[in-house]
Amino acid sequence: MRIPMIAGNWKMNTTVGEAVTLVRSMLSGLEKMNGVDRVVCPPFISLAAVKDLLKGSSVKLGAQNIFYEEKGAYTGEISPLMLAELCEYVIIGHSERRQYFGETGDMIDKKIKAALNVELKPILCIGEKLEENEQGKTQEVLTHQLTASSDRGYYVGGLVIAYEPVWAIGTGRSASGSEANETIGFIRQLVSHQHGSDIADNVRILYGGSVTAENIAEFIRQPEIDGALVGGASLKAEDFLSITKQTAEIRGLS
Ligand code: 13P
């Protein structure tokens, strides 16, 4: 059985002080929701402080990006070894990184390998742009993105996939539950073709894009959707708690 996951991608929000306050305000509530993997992904600069707060807690910590070299003259970058000391998860290939920072399939694949090398679990983001969706190219785009980062070992190492249609990110226009379910079902089939049904049945595939406390139930009720990667709503303690609680309730785990 796939354990549902709710992960909060805070993006470039919160100072260290604000990150600490946000985690403090959610922690006891999140602690109660066993049966759902709960992950917070603050900015790099807050990881150490948040890790201290999470000591002894079942809430997990993730980073939002990684560089693929181990160390060296790469000013401003953060290496896998640095993150491995702090986190369990790392978001890789987010569409904002692809779009604003020129990340390619090849770079994303190197990042996944580098993360797994130090036993960090990647949350690989894939998703089509609005025009690709309108031109009926969603499956083609997803196939291309997934094939660029596909190795049986990645799944064995704990890779999580997040399907995030670019047109749904930060726009308030989420996919419908059934649309997301259908596309995630397609992604699972793709994994099955590539690596067999044992891998496909076990990989967690999340939905991301304008998930809120109001619409989470619609996604979690779908059989293919194993949770959510939440942006904006993960910055509000009450909303993130509600999203996690509804997930636990719908999946009958709380
Ligand atoms: P929003 O939930 O703000 O749309 O962001 C989604 C996202 O990009 C999560 O990685």
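## A helix pair in contact

Contact here means heavy atoms within 4.5 Å. This is a predicted model, and by that yardstick helix α1 touches helix α12: L22, S25, M26, G29 and L30 on the α1 side meet A237, F240, L241 and T244 on the α12 side. Sort those contact residues by class and you get six nonpolar, three polar and no charged.

How do the two helices sit against each other? Two packed helices are described by the angle between their axes and the distance between the axes. For α1 (residues 16-31) and α12 (residues 237-250), the axes come within 9 Å and cross at roughly 25°. Angles under 35 degrees count as roughly parallel, so α1 is roughly parallel to α12. The crossing of α1 and α12 is right-handed.

## The largest pocket

Now for the open spaces. The largest pocket has a volume of about 420 Å³. It is lined by 13 residues, and K11, M12, Q64, R97 and F101 are the closest to its centre.

Helix α4 (residues 95-100) supplies the largest share of that lining, with three residues. By class, the lining of the largest pocket breaks down into six nonpolar, four polar and three charged residues.

## The second largest pocket

The second largest pocket comes in at about 260 Å³. Of its 15 lining residues, R98, G127, K129, E132 and Q145 lie closest to the centre.

Which elements give two or more residues to this lining? They are α4, β5 (121-126) and α7 (138-148). The most comes from α7, with four residues. The lining of the second largest pocket has four nonpolar, six polar and five charged residues.

Terms used:
Residues numbered from 1 in each chain as written. Predicted model: local features only at pLDDT ≥ 70, side-chain atom pairs only at ≥ 80, totals over all residues. Heavy atoms only, no water. 1 Å grid on protein atoms, 1.4 Å probe; cavity = no way out; pocket = protein on both sides within 12 Å on 5 of 7 lines; lining within 4 Å. Points joined across faces, edges and corners; volume = space filled by probe spheres on them. Nonpolar A, V, L, I, M, F, W, Y, C, P; charged D, E, K, R; others polar. Axes fitted to C-alpha atoms, helices over the stretch in contact; angles between N-to-C directions. Parallel < 35°, antiparallel > 145°, perpendicular 65-115°, else oblique. Left-handed = near helix turned anticlockwise from the far one by under 90°.
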